[in-house]
Amino acid sequence: WGSPRHWLGSNGEGKASGFGSETRGDDEDGARRGFKKRVLMLHGWAGNNVATERITKRLRHRLREVCEMIVPCAPIKLPPLEEGGRSNARAWFLYNDKYPSDTTGFLETKQAYYGWDDTKRYLQDFCDSNGPFDGIFGFSQGAVAAHLLLQDPPKGVRFKFAILAAGFPASPGGTCREVSVPSLHISGETDTTVPSKYQDDLLGCFASDNRNLYRHPKGHIVPQTADAVSTIRRFIVSPHKSPVAPTK
């Protein structure tokens, strides 16, 4: 793959919403003048926009001066769990068209992604109505959806950078086209849902001179520690520059 820029960390339903204003800028000088970039944030499997806004509240609040994160709700509704505990669970695509909750083999590279074509049209309409967006941020299955969009963008949609947390390659049929946009990959060292091998495979789908790897000691999460937020912020402000590694 080549050597990515790499450093270690120290430590529901309805319309989307986001922090910050709708002003935007394309470089570091713009960020200093108060302009904000707009980022499309895609939640994970069985999540939704309301839950994601709640879980990432600290991150989005700390980034509010440089970006506005808009969180759509995935269009595919999953059935509730028999034992309860899952309300308005959503997905960007299914792994089994007969049993929507079945995720058997979801890390396999030759998976069929049922419902993706409809989801792609939904996201194109969402971007047309709520964009333009400067970047895309995907978590878990949302990172896979982001990877699909970056490989085959909807008409008129172009992202200038990507942040992918706890993701794995989107490779229906086993193929993976290299993505050239600057990318920040966030990987948990103790992630048992998507082990680091698969997250490294996703890293390898991006151009070696434009990809950055941030590892943190936690599991299947979007880290919101001070050093993680600082790294994400630097990347959003200047995605073509390697973010400065935290000192601890």
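This passage describes the nonpolar cores, one cavity and one strand residue of a predicted model.

We can begin with the interior. The largest nonpolar core holds 35 residues, and within this set L42, W116 and I136 touch the most other members. Two or more residues come from each of β2 (37-42), α4 (116-130), α5 (141-151) and β7 (161-165). Of the elements, α5 gives the most to this core, with seven residues. Another core lies apart from the largest one; it has 24 residues, among them M69, F137, F161 and Y214. In soluble globular proteins, nonpolar side chains tend to be buried together.

A look at L42 helps to fill in the picture. Leaving aside neighbours within four places in sequence, L42 is in contact with P72, W92, L123, I136, F137, G138, F139, G142, A145, A146 and L149.

Strand β7 is also the place of A162. This residue counts as buried because its relative accessibility is 0%, where the cut-off is under 20%. Not counting residues up to four places away in sequence, A162 touches I136, L150, V181, P182, S183, L184 and F235. A143 stands 19 residues from A162 in sequence, and the C-alpha atoms of the two are 9.2 Å apart in space.

Finally, there is an enclosed space to visit. The second largest cavity contains about 30 Å³. Its lining is formed by F106, L107, E108, T109, Y113, F168 and P169. By class, five of the lining residues of the second largest cavity are nonpolar, one is polar and one is charged.

Technical notes:
Residues are numbered from 1 along each chain as its sequence is written. This is a predicted model: local features need pLDDT of at least 70, side-chain atom pairs count only at pLDDT 80 or more; totals for chains, interfaces and linings use all residues. Side-chain values use heavy atoms; hydrogens and water are left out. A nonpolar core is a set of buried Ala, Val, Leu, Ile, Met, Phe, Trp, Tyr and Cys residues joined through side-chain atoms within 4.5 Å. Buried means under 20% relative accessible area, exposed over 50%, partly exposed in between (1.4 Å probe, protein chains only). Helices (H or I, at least four residues) and strands (E, at least two) are DSSP runs, numbered from the N terminus. Contact means heavy atoms within 4.5 Å. On a 1 Å grid over the protein atoms alone, a cavity is a set of points where a 1.4 Å probe fits but cannot get out, and a pocket is an open set with protein on both sides within 12 Å along at least five of seven lines; lining residues have an atom within 4 Å of a point. Grid points are joined across faces, edges and corners, and a volume is the space filled by probe spheres set on the points. Ala, Val, Leu, Ile, Met, Phe, Trp, Tyr, Cys and Pro count as nonpolar, Asp, Glu, Lys and Arg as charged, and the others, Gly among them, as polar.
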